[in-house]
Amino acid sequence: MEQLADIMVDYGTLHKNPLGEEIACDNPSLEGLRVWLDDVPGCLANESYCALYDFNYICTEPITYEGETCNNGTRVLCEAKPPVPLSDPTPATTIKVLSYNILELNYIYWQSGQRERTCRLPYLIFENIGDVDVIIFQELMMGGCFPDVLDLRELLAHHGFIYNTPTVGIDAQENELIRLENGGGFTSSRWPIVAHDEAVLLAVYRTDTDLFSSKGIDYVNVEKTVDDVTRNYHIFGTHLQSRDGGMRPEVRIVQASEMRFFLQRLDIPANEPVIFGGDFNADYVEMPEHAEAVLHVMDVTVPEIVGDLRVTYDRENNTLISGDGGSWLDYVTYHNQHLQPTKATLESIRITDDPFWICNRARLRDFSYEYPNSENCRTPMQVIDLSDHYCVLGTMDFPLEPTISSASTMFRYYTVALHKNPSGEEIACDNPSLEGLRVWLDDVPDCLANESYCALYDFNYICTEPITYEGAKCNNGTRVLCEAKPPVPLSDPTPATTIKVLSYNILELNYIYWQSGQRERTCRLPYLIFENIGDVDVIIFQELMMGGCFPDVLDLRELLAHHGFIYNTPTVGIDTQEHELIRLENGGGFTSSRWPIVAHDEAILLAVHRTDTDLFSSKGIDYVNVEKTVDDITRNYHIFGTHLQSRDGGMRPEVRIIQAAEMRFFLQKLMIPANEPVIFAGDFNADYVEMPEHAEAVLHVMDVTVPEIVGDLRVTYDRENNTLISGGGGSWLDYVTYHNQHLQPNKATLESIRITDDPFWICSFPDLCSDKCVAPNNAHNRPDRLSKHSEYDCYCSCGIVIGDECEDDDECAMGTYCGSAEDGNVQAGVCRTLCDHPNMHCNSFSRCEMENHQPKCVCDLFVCSDTINQPVCGEGNRDFMNRCLFENYNCERMQSEEGIESLTLLGHGTCAEVQSNGGSYVRL
């Protein structure tokens, strides 16, 4: 992180004429900020040209040298106005941060009065807002005013803002750009900047001019001292993806997550304030849901909006743009996990000047500045605005003595009871050898265990003996000793330059959700994996939530080591020192390797859908550096396993994209050499069959390539053939990919493999049925749906579940019906929820939900901010603070009484304001 000396700007340069001679016009004083104009149209410069930039006129003299434009005629010397005296500062516990997009794009795009506007900017800012502390600028692409002679930073320092950061995206040491253009953002401060850092945003829309810009994050630690009181403010400025359409909103969400991760990296104390500001390009007027999503990902709060303006991009009144309506794109916010203000406001401020001339469009020449009266200027025009955006001022008061509440207590996840001899005695049955992986079964139904119970887990039978102790379930009867099969001999390994990585979601969810044969399946897993894929090198597991097989006695890792995979990472989300979980449940992911794991790291995914069971899971990223040695050749492979947001609907696809960005940032942090291979794998939950565009977006954000798919299967989640699930069709959710910025493979393939065993019994559902439960007529085709199986204590699921084939409604479970082609259901002949029934209708702003097996219309409420003050008027002279609250009220009103029609939205502003607009309502 750069210290103050690294980011101070040198303001000692004299402003001389092109030959380097001293200031002429009878050699006046060199004091003041001055610039010669010697390239005006007609080569006859005079006092009027100084007025173009609101500069003072000094003198005029003949041109006596060969210039770029004029070899004779006159030149004029202009000087910046004297500085505006800054107002007395606010207390040290108050910070005033201004964010300003100043529209100084490069001339290669267009002329828009860049020079005339930016030369005026500092004087007018401090004339209007004299007590501002920090200014976050965006779109300063060329430097402002006269970039190579008298730039914006020098004008700011002229007014007392002497602390300025470099432009984002320019390496200050080499002065080289990370992308084609710099990022246009920098920060200016009245107070010392004691620390500085920056990052270029990785996410960018691929078919946009933003692709060429090094937009990024500019961080400063500002130390404000007033009346011997000092406070530090951590301020992050940014400029997110411009425009809308395509995947641009999703790109903005990913960039918002980059802001959050960048903050996390800096490890800022929680009792110090953190402020995020800039042009977020997330429109709270026209796209409030998207704006809320961006703010939610950043984890920030928008202060109460005050003042008369309710837009920051005003198409109706701003003289630099045109159109209807306006947008709120610019923000100064405070972070929710750091010191909170006692009071905070946000105001949109329009800074204007008396009308002045600019060139708004020019003929293509050499992409340089054009005077308004130049023959190359196609559209000279008079304006009063300094930018197409209005600036926004965030004012925040913080407590004199900052305090932070202690963190909430973390929870442990539910575990299964131990399955071992409670007395801890040695193996009995005449004390056979202790070799092998063995487990006692002493809790079977009826307490009479026998050889058949070992077969449930595909274990070998050792012996049976009477129960002679008080157990958890059985105090008498018999118990049985079972042993895991001998290991499958691993195949000869592939060469060291080849890696075989298996990704496997094994569905070992906690029993609190449902029974799905977790024990029967995971006890079989290692033997069958190595029997089918004996030369696999690394296995990335997902959804091992309890540990597998008999978790506290003989777990999956022991079985894997039994077969030679002795290198295993901890489960993601468990602190191995304290054995505490970061969220309610662990993340279920770990990595198992045939070869030494020489380095390991992990991270919990921060992004998660707020109304999903994933909220309770510590899903994350599991990184291993695997060192494979064969025939004295050693290669290192960097493998990242993950399990992204499950299911679809709502904001889940966007959450997956953010998590994909987290994967990329985590990789970036590790600084892996580009000449070593990097592999991303796991259950990405991005369906390449049914949602290929979304899958492509996730893969693009990760910056990975999917190998050529081989083999017969074209799904990894097979609803038609997999005996654990049902329905039609299938999905490709699981991946093993290679990273594009690291060593590329000569050849790569990806294959979906179905690993099966001979038929075995499981308990598929617990007894959640009512007394109406009757096995369906075709139950003999699905024995796991029998009303009761006495041997294994399993119960039916009250009929066929959603997605299963059916012939009539009676076959389907409560709350479902048998869909038919006549009702337009694309899945005719399968059980469907009653919410899908053709007779079930919910009005606007509502959705159907099942309650006690019956469909019910409920309000589809938005998550609204109670601080965004952008009033709208509803029918009946009812005022609402913002559009979002109006929509929620409308839904709840329509739900309260059947037959009520939708409330009409009459206009922006309060009802009084709408009525005063010509005395009539404006329908939107």
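Which residue, just after α5, takes a positive phi? The legends below, which describe close-up views of a predicted model, take up this question in the view of helix α5.

**View 1. Strand β5 and its two neighbouring strands, β4 and β10.** Strand β5 covers residues 134-140, and seven of its seven residues are buried, so the strand is largely enclosed by the rest of the structure. With strand β4, which spans residues 94-104, β5 pairs in the parallel sense over six bridges, and within this pairing Y100 has F137 of β5 as its bridge partner. With strand β10, made of residues 186-189, β5 pairs in the antiparallel sense over four bridges, and here F137 stands opposite F186. F137 therefore takes part in the view twice, because it is the partner of Y100 and also faces F186 in β10, while the strand that carries it is buried at seven of seven residues.

**View 2. The β-α-β unit that contains β4 and β5.** Helix α3, residues 114-128, joins with β4 and β5 in a β-α-β unit that is right-handed. The two strands of this unit are the ones that pair in the parallel sense over six bridges.

**View 3. Helix α5 and the residue that follows it.** Helix α5 runs over residues 248-266 and has 19 residues, reaching 27 Å from its first C-alpha to its last, which is close to the 27 Å expected at 1.5 Å a residue. The helix is mostly covered, with 16 of its 19 residues buried. The residue asked about at the start is D267, which takes a positive phi of about 55 degrees just after α5.

**View 4. Helix α5 packed with helices α10 and α6.** Two packed helices are described by the angle between their axes and the distance between the axes. For α5 and helix α10, residues 652-670, the angle is about 45 degrees and the axes are 9 Å apart, which makes α5 oblique to α10; the crossing of these two helices is right-handed. For α5 and helix α6, residues 288-298, the axes come within 7 Å and cross at roughly 20 degrees, and the two helices are therefore roughly parallel to each other. The crossing in which α5 passes α6 is likewise described as right-handed.

**View 5. An open sheet of three strands, in the order β53-β52-β54.** The strands of this sheet pair in the antiparallel sense, and its edge strands are β53, residues 878-880, and β54, residues 905-908, each of which pairs on one side only. From one strand to the next the twist averages 25 degrees. Strand β52, residues 872-874, is joined to β54 by three bridges, with the two strands running antiparallel, and in this pairing the bridge partner of G874 is L905 in β54.

**View 6. Two buried loop residues, D38 and V830.** D38 lies in the loop between β1, residues 34-37, and α2, residues 47-51, and with a relative accessible area of 16% it falls under the 20% that counts as buried. Although D38 and T74 are 36 residues apart in sequence, their C-alpha atoms are 7.0 Å apart in space. V830 belongs to the loop between β48, residues 816-818, and β49, residues 831-833, and V830 is also buried, with a relative accessible area of 8%. The C-alpha atoms of V830 and G819 are 5.7 Å apart in space, while the two residues are eleven residues apart in sequence.

How values were computed
Residues numbered from 1 in each chain as written. Predicted model: local features only at pLDDT ≥ 70, side-chain atom pairs only at ≥ 80, totals over all residues. Heavy atoms only, no water. Buried < 20%, exposed > 50% of the residue type's maximum accessible area, 1.4 Å probe, protein only. Pairing = 2+ DSSP bridges. Right-handed = clockwise from strand over helix to strand, strands pointing away. Expected span 1.5 Å × (residues − 1). Axes fitted to C-alpha atoms, helices over the stretch in contact; angles between N-to-C directions. Parallel < 35°, antiparallel > 145°, perpendicular 65-115°, else oblique. Left-handed = near helix turned anticlockwise from the far one by under 90°.
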